[in-house]
Amino acid sequence: MTMSLPKKLIFYTLLTISAIVLFFPIVYAFLISFMTGPELMQGKFLPESFHLDNYIKVFDRLPLLNYLLNSFIVSAGVMLGQLAVCSLAAYAFVFIPFKGRDFVFFLFISTMMIPWEATMIPNFFIIQNLNWLNTYQGLTLPFFALAFGTFLLRQHFKTIPKELHEAAQVAGLGPFAFFRRVVLPVSKTSLVTLGAYGFLTTWNMYLWPLLVTTNDSVRTVQIGLKQLQSQEVATDWGVVMAGVIVVIIPTLLLLFLGQKQLQKGLTQGALK
Amino acid sequence: MKKVELIDVSKSYDRQKDVISNINVTIEPGEFFVLVGPSGCGKSTMLRMIAGLEEITGGTLKIGEKTANRLPPSKRDLSMVFQNYALYPHLTVEENITFGLDVKKVPKADRKKRALDTAEMLGLTDYLKRKPRELSGGQRQRVALARAIVSEAPICLMDEPLSNLDAKLRAHMRSEIRRIQKRLGITMIYVTHDQVEAMTMGDRIMILHSGKIQQIGSPIEIYNHPANPFVATFIGSPPMNLAAADVRKEASLLVLANGTEIVMPKGSLDEIAEERVTLGIRPEFLMPPVTGEGLPVFDAEVTNVEVLGHETVFSFVAGEGEWTAKWNGQWQIQPGDRIPIAVDTGSACLFSLEDGRLIRKAADRQRTVTKEGAAL
Ligand SMILES: Nc1ncnc2c1ncn2[C@@H]1O[C@H](COP(=O)(O)OP(=O)(O)OP(=O)(O)O)[C@@H](O)[C@H]1O
Ligand SMILES: [Mg+2]
């Protein structure tokens, strides 16, 4: 794409401004994480020196590594679960003809309109009655069936030519083998997109882990951070922000690594 | 080697109108069976029913001795080349070729060897490591062919497998496919709308039109004795000339709409009950009077001339429309000329005007035709 210079200037100015606005909280959090209490009180923007005291304190005060591990297990679990459930459901909606398929699909999709919070209470009771409070399955299982993910994958699967399915049938491939050996590899970009999406949303989840964890055993990092805030009489924000930065790092890493695939997958799903 | 038998097979997509009806045919083991017909006549549909990809809505399909109506495609033991290739986009050419073998648990070394042999046969050796999207249309088509051939299934279905190749490669592939088929003894069912392919490759041809069988027979039989005007004009290039004609039995004459009179061999019209028939005659049997000595001659006005070097093709007014004649050599004819044309009436076909049935066969013309005609 070529643009005239003035147009380019305006374009980039606007982009820079919005980038700064968007990124400011994170940058500020990053800077605060190096400040001491008094420094913060003075309302300074830049810390006097970059020292890691706050970071050491966070790891001291909280079992942060433990929380990070928990978060990682839960996020990865939800991601894998979502990929498995959504891809299988999408496969059924695309490749297995059955009566009322479209109706069932739209019913399924319509659950996207129900906010998750509305189903939280029944979900909580189920988990409680199963005695799954403070367990990984309690944290992950309710998120496996994802209407959005099924929709995304269905859209991609629909772009697979019918003849490919037929050729596989003639070659003697069963439905599951076709799913595993043709459908999944062909839909790699969409799967990566959905995986990243699932991982990040779970990583950032707050309300549900708060409800179903009552002790440290499987508590995730977002809840752990919250503890920092309320434990003290006067919150040491420098320490909190140090914790926040530690928590953000995996998210950013994932974003940088998966950016290209993510973009491709999202637009592909949107176009067709 | 297995035979394929279709008994009263019909197909309807919407449960109202049949796109294919009353198909009765037995394809013999090891036979090269060609399905031809114009676009949309139901060739692919029929092939897909045999493959098990399309439900058969009426009749019985037998593969080998077994009824196969409800058999899933994977149990039918056949291979197929799709009209639009259907290559796996995420696999390399080699993996595409071996995919089916892999599924059938052929040992690895064997798999590799068969893939390489087939690739070499089809000129794909240089592309084995490429992905399908990095190939040209013709190369993709060859990969699709390789995939079918390598499986060595007893029945092979091909849906217009050569449509994207250039003339030279197509001619090469025609003989190559034919050779492979004979060597492996595969029962081949081959769909095409190219009549050259049909004529040169097929042991037998089936001509379909709007989902109905028009004729089944060997290529020469179909060329010489087309069962109806549709077949007559579909096979042969330029197509057979047709015109409605009045029958004058007593004079053994056929009179076209524009008054042209064609003298038929004596007695040849005796058994014809109709007053009016469709006369059909191939362009090569409208001859220069010199070559067709002794044959009845009529005068006609030329409308268009094409000199092709080895032959001259021209059209002239006959009946309500135009006919085409094909003369050997280069002839100095101008549009507008009135020239005499000899008719090899022994080679004329007569079709019923109502239902298009063949009512008078042309004489067999295995080189003796001219003599026979000259004698009359
Ligand atoms: N899935 C379908 N649903 C409804 N009608 C169909 C379907 N597939 C094909 N048809 C119709 O059936 C008829 C035969 O189609 P078919 O694909 O068999 O033609 P074909 O002989 O293979 O033509 P071509 O030479 O163009 O490939 C056509 O009139 C087509 O419109
Ligand atoms: Mg077709």
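I count Lys and Arg as positive and Asp and Glu as negative, leaving out His and the chain ends. With that settled, I looked up the charges of chain B. Chain B carries 48 positive and 48 negative side chains. The centres of the two sets lie 10 Å apart. I note here that the model is predicted.

**Chain B overall**

I asked how many helices and strands chain B has. There are nine helices and 21 strands. I then took the extent of the C-alpha trace of chain B, which is about 75 × 45 × 35 Å along the principal axes. Chain B has 376 residues, and 56% of them count as buried. Its exposed area is about 16,900 Å², with 49% supplied by carbon and sulfur atoms. I also checked contacts between residues at least 6 apart in sequence: in chain B, 64% of these join residues at least 24 apart.

**Annotated spans**

I turned to the UniProt record next. For chain B, an unreviewed entry lists residues 4-235 as "domain: ABC transporter". In the model, that span is 37% helix and 25% strand. Its end C-alpha atoms lie 25 Å apart.

For chain A, the unreviewed entry gives "transmembrane region" for residues 9-31, 72-96, 103-127, 133-153, 189-208 and 237-257. I looked at two of these spans. Residues 9-31 of chain A are 100% helix and 0% strand, with end C-alpha atoms 30 Å apart. Residues 237-257 of chain A are also 100% helix and 0% strand, and their end C-alpha atoms lie 30 Å apart.

**Nonpolar cores**

Which residues touch the most other members of the largest nonpolar core? They are Phe157(A), Leu6(B), Ile23(B), Tyr88(B), Leu157(B) and Ile189(B), in a core of 57 residues. Helix α4 of chain A, residues 64-95, gives the most to this core, with six residues.

I followed up Ile189(B). Leaving aside residues up to four places away in sequence, Ile189(B) touches Val4(B), Ile27(B), Phe33(B), Leu35(B), Leu47(B), Ile50(B), Cys156(B), Leu157(B) and Met158(B). A second, separate core has 43 residues, among them Val93(B), Val106(B), Leu145(B) and Cys156(B).

**Leu210(A)**

I found Leu210(A) in helix α12 of chain A, residues 207-212. Is Leu210(A) buried or exposed? Leu210(A) is partly exposed, because its relative accessible area is 37% and the partly exposed class runs between 20% and 50%. I also took its distance to Ile223(A). The two are 13 residues apart in sequence, and their C-alpha atoms are 6.3 Å apart in space.

**Backbone checks on chain B**

Most residues other than glycine have a negative phi, and most peptide bonds are trans. I looked for exceptions.

Ser237(B) and Pro238(B) are joined by a cis peptide bond, with omega about -5°. Pro238(B) sits in the loop between α8 (229-234) and β11 (241-248).

Arg15(B) is not a glycine, yet its phi is positive, about 65°. I placed Arg15(B) in the loop between β1 (4-12) and β2 (18-27). Its relative accessibility is 65%, so Arg15(B) counts as exposed, the cut-off being over 50%.

Glu152(B) is another residue other than glycine with a positive phi, near 55°. The loop in this case runs between α4 (137-150) and β7 (155-159) of chain B. Glu152(B) has a relative accessible area of 45%, so I logged it as partly exposed.

Definitions and conventions. Residues are numbered from 1 along each chain as its sequence is written. Chains are lettered from A and ligands numbered from 1 in the order in which they are written. This is a predicted model: local features need pLDDT of at least 70, side-chain atom pairs count only at pLDDT 80 or more; totals for chains, interfaces and linings use all residues. Side-chain values use heavy atoms; hydrogens and water are left out. Helices (H or I, at least four residues) and strands (E, at least two) are DSSP runs, numbered from the N terminus. Buried means under 20% relative accessible area, exposed over 50%, partly exposed in between (1.4 Å probe, protein chains only). Contact means heavy atoms within 4.5 Å. Accessible areas come from the Shrake-Rupley method with a 1.4 Å probe; for residues, only the protein chains shown count as cover. The place of a charge is taken as NZ of Lys, CZ of Arg, CG of Asp or CD of Glu. UniProt positions are given in the numbering used here, feature names are shortened, and annotations may be inferred rather than shown by experiment. A nonpolar core is a set of buried Ala, Val, Leu, Ile, Met, Phe, Trp, Tyr and Cys residues joined through side-chain atoms within 4.5 Å.
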